[in-house]
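Work through these exercises with the model open beside you. Try each task before you read its solution.

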Amino acid sequence: MAFDVVTLNSLLNEYSQENIKSFFENFSSLDKDVENFLKQKAIQFEKIGLSRTTLVFTQYKNTEVLVGYFAISGKPLIVKKKDWNKLSSGVKRKLLPIGYKSERDNYVINSILLGQFSKNNCYQSQQLITGKELLSIAYATIKKAWEVLGGTVLYLEARNEPHIQKFYTSCGFSQVLLRNGDISVKPYVTSNGYHLYLQKLSNI
């Protein structure tokens, strides 16, 4: 199936904000935070340069419909000192060459954040796009951003659900885990309450 990939910025140059918001009315996501971002924050974030949103359309019943979207930003990944000390030796070895310690001894890695990512659940039964197809489109945009911004890591924050964990790990992301005592491990939980996933930009 053919997809039409359109940046929100290009739409803002052609249409009023009211018209653009009408494109979003029938967008539904299983993650309401992701849905609300598109409907309530994406335009403002675009205008002030906090993120860049890309919309993916396709033809359905002779009408172009929004089947998914994603938003990216150049945002360093910061691992707090207390969490850095709980990372496994193997993870530290992978991260040490690509980051640096801040004045507060947090660990900072120049990165690109895949801040929002979702299919349109309104067309779930029609299967107009798969998660992997949408991620492939996102990767193409991220690669272009990487050429301009640099960075070493692509990361995202996701809800704690088995199917989400399975999807992202099957797509090459690693879930960041912390040592919980001497034996067990637990997921790294961000300040937003999400689990952290990352992979090297050179691998996408």
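**Exercise 1. Place Gln-116 and decide whether it is buried or exposed.**

Solution. Keep in mind that this is a predicted model.
- Step 1: find the element. Gln-116 belongs to strand 7.
- Step 2: check the accessible area. Its relative value is 16%. Buried means under 20%. Gln-116 is therefore buried.
- Step 3: list what surrounds Gln-116. Leaving out residues up to four places away in sequence, Gln-116 touches Asp-33, Val-34, Phe-37, Tyr-69, Phe-70 and Ala-71.
- Step 4: take one of these, Tyr-69. Gln-116 and Tyr-69 are 47 residues apart in sequence, yet their C-alpha atoms are 7.7 Å apart in space.

**Exercise 2. Find how strand 7 and strand 8 pair, and say how many residues of strand 8 are buried.**

Solution.
- Step 1: look at the pairing. Strand 7 and strand 8 run in the parallel sense and share three bridges.
- Step 2: pick out a bridge. Leu-113 has Tyr-155 of strand 8 as its bridge partner.
- Step 3: count the buried residues. Strand 8 has six residues, and five of them are buried. Strand 8 is therefore largely enclosed by the rest of the structure.

**Exercise 3. Describe the largest nonpolar core and name the element that gives the most to it.**

Solution. Start from a general point.
- Step 1: in soluble globular proteins, nonpolar side chains tend to be buried together.
- Step 2: take the size. The largest nonpolar core holds 29 residues. Phe-70, Leu-114, Ile-142, Leu-154 and Tyr-168 have the most contacts inside it.
- Step 3: trace the contributors. Strand 3 (63–74), strand 7 (111–119), helix 6 (131–149), strand 8 (153–158) and helix 7 (162–170) each give two or more residues. Helix 6 gives the most, with seven residues.
- Step 4: follow Leu-154. Beyond its neighbours within four places in sequence, Leu-154 is in contact with residues including Ile-112, Leu-114, Tyr-139, Ile-142 and Phe-173. Tyr-197, Leu-198 and Ile-204 are also among its contacts.
- Step 5: look for another core. One of 16 residues lies apart from it, and Leu-11, Phe-27, Leu-38 and Ala-71 are among its members.

**Exercise 4. Work out the strand order of the open three-stranded sheet and find its edge strands.**

Solution.
- Step 1: read the order. The sheet runs 4-6-5, with antiparallel pairing.
- Step 2: find the edges. Strand 4 (77–79) and strand 5 (99–101) each pair on one side only.
- Step 3: note the turn. Neighbouring strands are turned by 20° against each other on average, direction ignored.
- Step 4: zoom in on one pair. Strand 5 joins strand 6 (residues 107–109) over three bridges. There, Gly-99 is the bridge partner of Ile-109 in strand 6.

**Exercise 5. Find the side chain that makes a polar contact with the side chain of Gln-175.**

Solution.
- Step 1: locate Gln-175. It sits in strand 9 (residues 174–175).
- Step 2: name the partner. The side chain of His-195 makes the polar contact, at 2.9 Å.
- Step 3: add the other touching residues. Not counting residues up to four places away in sequence, Gln-175 also touches Gln-165, Pro-187, Leu-196 and Tyr-197.

**Exercise 6. Decide why the chain counts as compact as a globular protein of its length.**

Solution.
- Step 1: tally the elements. The chain has seven helices and twelve strands.
- Step 2: compare the radii. The radius of gyration is 18 Å, close to the 17 Å that the globule rule gives for 204 residues, so the chain is as compact as a globular protein of that length.
- Step 3: add the dimensions. The C-alpha trace spans about 60 × 35 × 25 Å along its principal axes.
- Step 4: add burial. Of the 204 residues, 42% count as buried.

Notes
Residues are numbered from 1 along each chain as its sequence is written. This is a predicted model: local features need pLDDT of at least 70, side-chain atom pairs count only at pLDDT 80 or more; totals for chains, interfaces and linings use all residues. Side-chain values use heavy atoms; hydrogens and water are left out. Two strands pair if DSSP finds at least two bridges between them. Helices (H or I, at least four residues) and strands (E, at least two) are DSSP runs, numbered from the N terminus. Axes are lines fitted to C-alpha atoms, for helices over the stretch in contact, and angles run from 0 to 180 degrees between N-to-C directions. A nonpolar core is a set of buried Ala, Val, Leu, Ile, Met, Phe, Trp, Tyr and Cys residues joined through side-chain atoms within 4.5 Å. Buried means under 20% relative accessible area, exposed over 50%, partly exposed in between (1.4 Å probe, protein chains only). Contact means heavy atoms within 4.5 Å. A polar contact is a pair of N or O atoms within 3.5 Å; within protein, one must be able to donate a hydrogen and the other to accept it, and residues adjacent in sequence count only if both atoms are side-chain atoms. The radius of gyration is taken over C-alpha atoms; the globule rule is 2.2 Å times the number of residues to the power 0.38.
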